[in-house]
Amino acid sequence: SDEEGGGDETTTDGSGGYRLRGLRAGRKYKILVRVDAGSRYERSSPAFQVVEMGEGDAKGLDFVAVRGSSKGSIVGRVQAPGDLLSSIKVEVAAASNPSSPLRTQELMVGDLFEVTDLPRDTYLVKAVASLDPRAYRTAAPSVRVTVDGEGDVISLPFSATPRNAEPQPASPFWVLVLIVAAAAAFFNRRTIQDLPAYRSATASLASVAGPAVAALGSQVGVVLPCCCS
């Protein structure tokens, strides 16, 4: 195109040749290569050339198409409290097989991370922490990323909640204490239930012993001291 925006556009042929028409003599034009999205080429060298048109054709304006890399990287931040960052790493798995992580990357500085040398593909990325699951309940949803050769910048959410307020399961010691207490209560109840029978047996014994004592008294004289005046 020239300074006024006029110019032409064309597509290279099978051998890489091209021809631009309608360029006016005496004007300067900027020739550059445009790479379509999804092309295996990412840029040209040089990026552009400037030519001043004369009366005839301008030739020898060659460009080299640079093929894009087959690999890329993922760059981002972890959204987590500062005191937890030292325990966090970034885990990358293929979207087609999320249960098998391909890479585990430590954070660089602060909350920043970079996972490099990844083949062009779609991945699931998440933050993982070396926190005791008995002390913390964590939440770290995966983020879906497509690596296309550029540095994709993402943000990974991560949160950890202490389990202090949650009820803890009883330890084996306290379970044993509860079993012993329940057994003691059961036997005490049986003892209390048997108590009326014990009282009934005691009463019967007293009723039998009473006449025997009376009969014994009728056979034994009781001498009482007498005082005569």
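In which strand does A160 lie? A160 belongs to strand 13, which covers residues 159–162. This report describes the predicted model of the chain that contains this residue, beginning with its overall make-up and ending with selected positions.

**Overall make-up and confidence**

The chain contains one helix and 13 strands. Along the sequence, the pattern of these elements is β-β-β-β-β-β-β-β-β-β-β-β-β-α. Of the 229 residues in the chain, 18% are buried. The accessible surface amounts to about 17,000 Å², and carbon and sulfur atoms account for 55% of that surface. Among contacts with a separation of 6 or more, 57% join residues that are 24 or more positions apart.

Confidence must be considered alongside these values. The mean pLDDT of the chain is 75, and 65% of the residues reach 70 or more. Over residues 201–229, pLDDT stays under 50, and for this stretch the model has zero contacts beyond four places in sequence. Where pLDDT is low, the predicted coordinates should not be read in detail.

**A sheet of four strands**

One open sheet consists of four strands in the order 7-6-9-11, and their pairing is antiparallel. Its edges are formed by strand 7 (101–106) and strand 11 (143–146), each of which pairs on one side only. On average, neighbouring strands of this sheet are turned by 30° against each other, direction ignored. Strands of a sheet pair through backbone hydrogen bonds, either parallel or antiparallel. Strand 9, residues 122–129, runs antiparallel to strand 11 and is joined to it by four bridges. Within this arrangement, V125 stands opposite V143 of strand 11.

**Two nonpolar cores**

In soluble globular proteins, nonpolar side chains tend to be buried together. The largest nonpolar core of this model has 20 residues. The members that touch the most other members are I74, V78, I88, V90, F113 and V125. Two or more residues are supplied to this core by each of strand 5 (71–79), strand 6 (88–94), strand 8 (112–119), strand 9 and strand 12 (151–157). Apart from this core lies another, of six residues, including I31, V51, L61 and F63.

V125 illustrates the surroundings of a member of the largest core. Beyond its neighbours within four places in sequence, V125 is in contact with I74, V90, E91, V92, P141, S142, V143, V145, I154 and L156.

V78, another member, lies in strand 5. Is V78 buried or exposed? Its relative accessible area is 1%, which is under the 20% limit, so V78 is buried. Leaving aside neighbours within four places in sequence, the contacts of V78 are L85, I88, V90, L107, D111, F113, A127, L156 and F158.

F63, from the other core, is placed in the loop between strand 3 (48–52) and strand 4 (64–67). With neighbours within four places in sequence set aside, F63 contacts Y18, I31, L32, V33, S44, S45, P46, A47, F48 and Q49.

**Partly exposed positions**

Three further residues fall between the limits for buried and exposed. A160 has a relative accessible area of 21%; this value is not under 20% and not over 50%, and therefore A160 is partly exposed. Outside its neighbours within four places in sequence, A160 is in contact with L84, L131, Y136, R137 and T138.

V35 lies in the loop between strand 1 (28–32) and strand 2 (41–45). V35 is partly exposed, with a relative accessible area of 31%. Its contacts, leaving aside neighbours within four places in sequence, are Y41, E42 and R43.

D117 is found in strand 8. The relative accessible area of D117 is 49%, and this residue is likewise partly exposed. The phi angle of D117 is near 60°, a positive value in a residue other than glycine.

**Separation in sequence and in space**

The table sets separation along the chain beside the C-alpha to C-alpha distance for several pairs of residues.

| Pair | Separation in sequence | C-alpha distance |
|---|---|---|
| V78 and I154 | 76 residues | 8.8 Å |
| F63 and L32 | 31 residues | 8.6 Å |
| V35 and A65 | 30 residues | 9.1 Å |
| A160 and A139 | 21 residues | 6.4 Å |

Terms used:
Residues are numbered from 1 along each chain as its sequence is written. This is a predicted model: local features need pLDDT of at least 70, side-chain atom pairs count only at pLDDT 80 or more; totals for chains, interfaces and linings use all residues. Side-chain values use heavy atoms; hydrogens and water are left out. Two strands pair if DSSP finds at least two bridges between them. Axes are lines fitted to C-alpha atoms, for helices over the stretch in contact, and angles run from 0 to 180 degrees between N-to-C directions. pLDDT is the predictor's confidence in each residue, from 0 to 100. Contact means heavy atoms within 4.5 Å. A nonpolar core is a set of buried Ala, Val, Leu, Ile, Met, Phe, Trp, Tyr and Cys residues joined through side-chain atoms within 4.5 Å. Buried means under 20% relative accessible area, exposed over 50%, partly exposed in between (1.4 Å probe, protein chains only). Accessible areas come from the Shrake-Rupley method with a 1.4 Å probe; for residues, only the protein chains shown count as cover.
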